[in-house]
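Thanks for coming. I will put the model on the screen and then go through its contacts one group at a time.

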Amino acid sequence: MLRGRAAAAAGSLILVATAAPSALADGGTGAGKCYDKRFCVRVDIPAQPGGEDAKAKPPKSGNGDSSPGESTPDRCAIRLMEPQPPAGSTLWDGHSPDDGAIYINPCHQNGGPKGTVTEEIEGAAFWSQTPPAAAVDPAVLAQRAVDSMLLAGPTIASPRAEGRYTVGVPMWLWVTPSPTTWGPNQASASAGGITVTATAKVSSITWSMGDGSRVTCSGPGTAYTADRGMSPSPDCGHRYRNASAGQPGSTYKGTATTTWAIDWAGGGQSGQLTEVRDTPFTVSVGELQVVGQ
């Protein structure tokens, strides 16, 4: 192990280099070569005049601290090491400071940085004669792959916009699945020699019925057939208790929202993303009319 110390006006910089590797229910009437070195950088800030210690700013959240699906595109950007290590350092790998420069690649096959320059950063230090191309964050490629899928809201089969539903009669809720509205859907994105493949599928659908009720179903629902009469749906349904006559436009205005669960892998990493899509719908609900003789 080689240890080098360089004094600076604002503090001391310590470099450590190591080797690295209706009445009816249907509503009707019927960067690989940059990983040869690894390093750790720590900046020690001395007490300020007056005896009060300097307070380091809290580190910004990286990919590991982000919410699902969130990514920081520039966290893997290769940058010049500042200050450059002294001549003769093993980081130069036998080269002269006049021949090129030492760069930092904060991302590698086994992970990314552990903090910010106010704390500690682990990454890959390497010599290059010319500024190298930026590394690519696999999480960013995963989001590109998802965007290319053109995922859409659910295709609602029931309730039907032209349907006339009845208070108290079970309503069957279902959608027509397709790769873009229900999945499974798969796509890949490539950059910088890395390819990431993402696979998306709806994990649940939530129906906001417009009357204050919410129905969450794990599947697309079962299509209604006339032989079911007025029986409730076996897996996804609702029953309105009041007519829609008093609502704007005399209809209930609802929304069907799908939650997509996405798994991705590539570039030596893997992860999960979540996407949501919705489709609005309207329902006309009336009272059952009984005519006496």
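**Salt bridges, strands and cores**

I start with Glu275, which counts as buried at 14% relative accessibility; buried means under 20% relative accessible area, exposed over 50%, and partly exposed in between, with a 1.4 Å probe and protein chains only. Before going on, the conventions: this is a predicted model, in which local features need pLDDT of at least 70 and side-chain atom pairs count only at pLDDT 80 or more, while totals for chains, interfaces and linings use all residues. Residues are numbered from 1 along each chain as its sequence is written, and side-chain values use heavy atoms, with hydrogens and water left out.

Back to Glu275. Which residue forms a salt bridge with Glu275? The partner is Arg277, and the closest N and O atoms are 3.0 Å apart. A salt bridge here is a side-chain nitrogen of Lys or Arg within 4 Å of a carboxyl oxygen of Asp or Glu. Arg277 is partly exposed, at a relative accessible area of 22%. Searching the whole structure gives two salt bridges. Arg160 and Glu162 also meet in one through their side chains, at 3.1 Å from N to O. In that pair, Arg160 is partly exposed at 25% relative accessibility, and Glu162 is exposed at 54%.

Next, the strands around β12. Helices (H or I, at least four residues) and strands (E, at least two) are DSSP runs, numbered from the N terminus. Two strands pair if DSSP finds at least two bridges between them.

Strand β12 covers residues 194-208, and it pairs with β11, residues 185-191, in the antiparallel sense over seven bridges. Within that pairing, Ser188 stands opposite Thr197, and Gln186 has Thr199 as its bridge partner. The hairpin of β11 and β12 has two residues between the strands, and Gly192 there takes a positive phi near 55°.

β12 also pairs with β15, residues 252-266, again antiparallel, over 11 bridges. One of the bridge pairs is Ser208 with Thr255 in β15. After β15 comes Gly268, in the loop between β15 and β16. Is Gly268 buried or exposed? At 57% relative accessibility, Gly268 is exposed. The C-alpha atoms of Gly268 and Ile194 are separated by 9.0 Å, with their positions 74 residues apart along the chain.

Then there is β13, residues 214-217, which runs antiparallel to β12 and is joined to β12 by four bridges. β12 and β13 form a hairpin with five residues between them, and Gly210 in the turn has a positive phi of about 90°. Ile205 has Cys217 in β13 as its bridge partner.

That brings me to the disulfide. A disulfide is a pair of cysteine sulfur atoms within 2.5 Å, and the structure holds one. Cys217 and Cys236 form that link, with their sulfur atoms 2.0 Å apart. The angle about the S-S bond is 85°, and the link is right-handed. What does the pair tie together? Cys217 lies in strand β13 and Cys236 in the loop between β13 and β14 (237-238), so the disulfide ties together parts that are 19 residues apart in sequence. Both ends are buried: Cys217 has a relative accessible area of 4%, and Cys236 is at 2% relative accessibility.

On to the aromatics. Rings of Phe, Tyr and Trp (its six-membered ring) pair if their centres lie within 6.5 Å; planes under 30 degrees apart count as stacked, over 60 as edge-to-face and the rest as tilted. The whole structure has four such aromatic pairs. One of them is Tyr240 with Tyr252: the ring centres are 4.8 Å apart and the planes are at 10°, so the pair is stacked. Tyr240 is in the loop between β14 and β15 and Tyr252 is in strand β15, 12 residues apart. Both are buried.

Last, the cores. A nonpolar core is a set of buried Ala, Val, Leu, Ile, Met, Phe, Trp, Tyr and Cys residues joined through side-chain atoms within 4.5 Å. The largest has 36 residues, and Trp207, Met209 and Val283 have the most contacts inside it. The elements giving it two or more residues are α1 (138-148), β11, β12, β13, β15 and β16 (269-283). β12 gives the largest share, seven residues. A second, separate core has six residues, including Trp92, Ile102, Ile104 and Ala125.
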